[in-house]
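This report introduces a structure to a reader who has not met it before. It treats charge pairs, the nonpolar interior and one surface patch in turn.

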Amino acid sequence: MDQYPARIVVLTGAGISAESGLATFRGEDGLWEGHRVEDVATPEAFGRDPALVHKFYNARRAQLAEVEPNAAHLALARLEAEWPGAFLLVTQNVDNLHERAGSKQLIHMHGENSKAWCIACDRRSPWSAPIGEDSPCPECRAVGALRPDIVWFGEMPYDMDRIEEALRDCDLFVSIGTSGAVYPAAGFVQTARYCGARTLEMNLEPSIGSIYFGESRIGRAGELVPAWVDELLAATS
Ligand code: BV8
């Protein structure tokens with residue numbers, strides 16, 4: 001049942017950070033074209049070649065210092081601040097551009113490259129430098145036990161219970177800048193639809209799950225998202 005003000009859940013993917021200069025995964029500049037998925041984004045890869053996996057994530061972590069949030073990130077932070085209803089932003093991205101834009105109701109379901117996770121003491125610490133096999137944990141001082149705080153393939157994404165509850169309760173589900181290639185995120189639209197939400201996709205091209213969306217706006221996030229936020233906030237004033 002549609003409630004006013006609508007309870008909104010937004011999902012973002014690599015496409016929202018593309019205009020900030022961060023490579024997406026499956027485009028021609030794709031990260032995974034540079035590296036085979038199985039070489040870097042799985043626990044097995046990390047066990048087999050930790051130095052390669054650290055190198056892949058260290059390069060991406062270093063890039064965070066050179067990029068800024070773009071108009072799409074800023075528009076979502078404004079919507080969260082000014083929207084009178086419930087708002088939750090779920091991102092598949094491991095960059096820190098949403099929080100730097102001011103988003104607070106934010107879940108990093110695939111983890112954060114600006115954090116290190118110690119597998120010896122299971123604690124996570126903010127981390128902006130390179131992680132190496134000789135990096136000591138700042139909490140327990142164990143050496144060689146740090147990994148990027150990233151959810152790899154075959155690992156359970158974070159906060160799934162909270163995400164699924166928000167999807168079941170929301171009136172509007174909006175997906176921005178994702179190809180819809182990775183589960184369980186790619187299935188969120190179906191959960192929201194099934195529970196009665198309106199669904200909107202904003203992407204440079206129709207995603208794999210585009211047929212599940214009630215509305216699809218094709219274009220760059222940096223243009224579509226601020227216009228959509230203006231439209232939504234104008235309706236509340
Ligand atoms: C799990 C961290 C279960 C690493 C990532 C069901 C069916 C089939 C397969 C599965 C399934 N369930 C599970 C699987 C397996 C797997 C999966 O989905 N595989 C796929 C490849 C088939 N899923 C998992 O393993 C997940 N785990 O389900 O666990 C479980 C159960 C019990 C116990 C234990 C476990 C874990 C998935 C998480 C993997 N980690 N990232 C890293 O970041 O390095 S996924 C990775 O892909 C990134 O997080 C990325 O965000 C995500 C999705 O990619 P996108 O963000 O969509 O990026 P992409 O480049 O693909 O698309 C960008 C889009 O933007 C494009 O459409 C483009 O057109 C658009 N765009 C570009 N520029 C712009 C733009 N749009 C707007 N404006 C622009 N300027």
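R124 has a relative accessibility of 34% and therefore counts as partly exposed; buried means under 20% relative accessible area, exposed over 50%, and partly exposed in between, with a 1.4 Å probe and protein chains only. The model is predicted: local features need pLDDT of at least 70, side-chain atom pairs count only at pLDDT 80 or more, and totals for chains, interfaces and linings use all residues. Residues are numbered from 1 along each chain as its sequence is written, and side-chain values use heavy atoms, with hydrogens and water left out.

**Salt bridges**

Side chains of opposite charge can pair when their charged atoms come close. R124 forms a salt bridge with D149, that is, a side-chain nitrogen of Lys or Arg within 4 Å of a carboxyl oxygen of Asp or Glu. D149 is buried, at 2% relative accessible area. Because D149 belongs to strand β6 and R124 to strand β5 (residues 124–126), the pair ties together parts 25 residues apart in sequence. Helices (H or I, at least four residues) and strands (E, at least two) are DSSP runs, numbered from the N terminus.

A search of the whole structure finds 11 salt bridges, including those in the table.

| Pair | N to O distance |
|---|---|
| D230 and R78 | 2.5 Å |
| K115 and E112 | 2.9 Å |
| D149 and R124 | 3.1 Å |

D230 in helix α10 and R78 in helix α6 are 152 residues apart, so this pair links distant parts of the chain. D230 is partly exposed at 42%, and R78 is partly exposed at 30%. In the pair of K115 and E112, K115 is partly exposed at 28%, whereas E112 is buried at 15%. Elsewhere, E19, R220 and E223 are joined into one network by salt bridges that share partners.

**Nonpolar core**

The largest nonpolar core (buried Ala, Val, Leu, Ile, Met, Phe, Trp, Tyr and Cys residues joined through side-chain atoms within 4.5 Å) has 24 residues. V10, I176, V225 and W228 have the most contacts inside this core. Among the elements that give it two or more residues are β1 (8–12), β7 (172–176) and α10 (221–234). Helix α10 provides the largest share, 7 residues.

**Surface patch**

D159, D161, E164, E165 and D169 gather in a patch of negative charge on the surface. Such a patch joins like charges within 9 Å, using residues with over 30% relative accessible area and no salt bridge. D159 lies in the loop between β6 (146–150) and α8 (160–169), and is partly exposed at 43%.

Notes:
Patch = residues over 30% accessible without salt bridge, like charges linked within 9 Å, V, L, I, M, F, W, Y side chains within 5 Å. Areas by Shrake-Rupley, 256 points an atom, 1.4 Å probe, with all protein chains shown as cover. Lys, Arg positive; Asp, Glu negative; His and termini not counted. Charge placed at Lys NZ, Arg CZ, Asp CG, Glu CD.
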